[in-house]
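The following exercises concern backbone geometry, strand pairing and internal cavities. Please examine the sequence and the structure before reading each worked solution.

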Amino acid sequence: MTIKSKVLEYKTLHRTAVAGAILFSLTACSVTPTPITFEQKLALVDADRKAMFQDQEPITQPISLEEAMARAVKYNLKERLALMEKLAQDNILGLQSFDMLPKVAASAGWTARNNEAASSSKSIATGTESLVSSTSQDKQSSSADLSVSWNVLDFGIGYFGSKAQANNVLAAEERRRSVVADIIQNVRGAYWEAVKAQELQPLVKRTLKDAYSALETSKQTAAERLISPLESLQYQKSLLEMISRLETLEGDLAASKSRLAGLMNLPPATQYELASQSTQTLALPYQLEELETLSMVNRPEINEEAYRARNTVLETRSSLMRLLPGASLFVGAHYNSNSYSLNNDWADAGVQVSWNLLSAFSYSDVKSVGEAKEKIADLRRQALRMAVLTQVNLAWQQYKQADNQFQRTAELSRIQDAIFVQSTGAYQNNTQSLVERVRIATESVLAKRNRDQSFAMMQSAYGAIYKAAGLDPLPKSIADTSVETLSASIAHQDALLQQGRISDETLVSRVALNSALGSMSDQYEKADTEPKKEEASKPQLVMLSTGDSLQETAIIDYTNYVQP
């Protein structure tokens, strides 16, 4: 076999090996979709069910309003999610702080080869070999390096990133406040619906029993032909209509406790009782102007938007810093075991400066984009303040309307009860009297239901006022997270709010706010009566799209805004 044929055989074998390796790599890298098996789904269901309802304090007594709120705050999955998001932001802040530290790199290695790393040199002038083959490298060697580097530009960018993440932590806490307020507001309405349903259910069942009995009597009377068939059918029709309304009402009453159980994160089939609550008149010791002013500083959505505006400023500064030259400082210690080296260990240090000169041309664009984002953030916060003011006013009006509606339905229920009492002994034991008696009893039940619904709506509207004003239902600090402690804290905070006393943990007091800012209405009146300022201090005008038209909206120029 010639040398040429051996070379061709070697090339063929090499190509075959390479093709096989490539084919194996492609096969190994391919991914086939694998659906979740039925057994895996069952395992997930079992794991999620345990995680959803585990470690909950047992129910040992009828649940009060404060306990229902405490259980919802502690066990509601939405609240758990908000708390985990805040914890995640805290952890990210810790990681973000490492970006400001110098980078420390350590490396070690070992190399070996099967022959000497020898070489020779050739004369440039004559083209002949000027030195016999020689080596300066051991066949086996080991090395180790330890270096510390610090980029000043990366430090600055990391600093702004850490401050932005700190704002994200605060924004996450505001979101958690908002979630807690939503949960407690939902529990307030659902609880009063459920507790009134619990009180009304015995009366509904008793009335239904009478209606069923009257229907059977009507059928029996028709069978015996004691009255005309048409009259009998009309009586049965009236009774069936009343039974249908009562059965619908009974279903609604049963569903109200299920809705409350879901908010408290109780399993749907859990049997529990609700504590009787007094229907005393609610106290609202705040004026509308005070609630408006309180909402401007206490609403979590506004505070969250303020932190986002801070981050917009930091983002602009970080973008501008990226345009600056980057200076990198480094120092390192090195070792190599090569026996031919004169110095097997050594240290070095230096400074390296780099700058993308073309980035300087984008300075004006970066600055303009940053200023536009800051103005958008400010305008978004102002729009949110307007929405909050609208919510406060709507909550105020809805509470007044709900209170009036409750007074009317309570009076109607009282009158209907009086009619029922007066008519109880007036009817004879005949079909017509039975139908009339059931009709009056049904109307009495429905009047009570309307009264209870109006009361629940009034309670919900009452809580909506505090939620719209951003007044927390929980104090800032709580001794522990047990249901008993949470219930006591909620009850104490609610008592303070009903007395017109904002607790010390609240951001600012009502008196301080009114003395510092006054009401929002006062601000509007001052804006109308103040003289016009000079042209140089006029706010910018921005065209905003509002449906089919455009309108001019004044916003404040925050170009020279300084990050606090």
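**Exercise 1. Examine the backbone just after helix α2 and describe the helix itself.**

Solution. Begin at Asp 55, which follows directly after α2 and adopts a positive phi of about 60°. The model is a predicted one. Next, turn to the helix: α2 spans residues 38-53 and comprises 16 residues. From its first C-alpha to its last, α2 reaches 23 Å, close to the 22 Å expected at 1.5 Å a residue.

**Exercise 2. Locate Asn 265 and determine whether it is buried or exposed.**

Solution. First, consider the backbone: Asn 265 has a positive phi of about 60°, although it is not a glycine. Second, place the residue: Asn 265 belongs to the loop between α6 (229-263) and α7 (288-298). Third, consider its accessibility: the relative accessible area of Asn 265 is 6%. A residue counts as buried under 20% relative accessible area. Asn 265 is therefore classed as buried.

**Exercise 3. Establish the strand order of the open sheet and identify its edge strands.**

Solution. Four strands make up the open sheet, and their order is β1-β4-β5-β6, with antiparallel pairing. The edges are β1 (103-112) and β6 (345-354), each of which pairs on one side only. On average, neighbouring strands of this sheet are turned by 15° against each other, direction ignored. Now inspect one pair within the sheet: β4 (residues 140-151) and β5 (residues 326-336) run antiparallel and are joined by nine bridges. As a point of reference, Asp 145 stands opposite His 334 in β5.

**Exercise 4. Characterise the largest cavity by its volume, its lining residues and the chemical character of that lining.**

Solution. Step one is the count: the structure contains three cavities of 30 Å³ or more. Step two is the volume, which for the largest cavity is about 250 Å³. Step three is the lining, which consists of 24 residues; Ile 184, Tyr 466, Lys 467, Leu 471 and Pro 473 are those nearest the centre of the largest cavity. Step four assigns the lining to elements: α3 (65-75), α5 (152-223), α8 (300-321), α10 (431-469) and α11 (483-498) are the elements that give two or more residues. Of the elements, α5 gives the most to this lining, namely seven residues. Step five sorts the lining of the largest cavity by character: 10 residues are nonpolar, five are polar and nine are charged.

Notes:
Residues are numbered from 1 along each chain as its sequence is written. This is a predicted model: local features need pLDDT of at least 70, side-chain atom pairs count only at pLDDT 80 or more; totals for chains, interfaces and linings use all residues. Side-chain values use heavy atoms; hydrogens and water are left out. On a 1 Å grid over the protein atoms alone, a cavity is a set of points where a 1.4 Å probe fits but cannot get out, and a pocket is an open set with protein on both sides within 12 Å along at least five of seven lines; lining residues have an atom within 4 Å of a point. Grid points are joined across faces, edges and corners, and a volume is the space filled by probe spheres set on the points. Ala, Val, Leu, Ile, Met, Phe, Trp, Tyr, Cys and Pro count as nonpolar, Asp, Glu, Lys and Arg as charged, and the others, Gly among them, as polar. Two strands pair if DSSP finds at least two bridges between them. Axes are lines fitted to C-alpha atoms, for helices over the stretch in contact, and angles run from 0 to 180 degrees between N-to-C directions. The expected span of a helix is 1.5 Å times one less than its number of residues. Buried means under 20% relative accessible area, exposed over 50%, partly exposed in between (1.4 Å probe, protein chains only).
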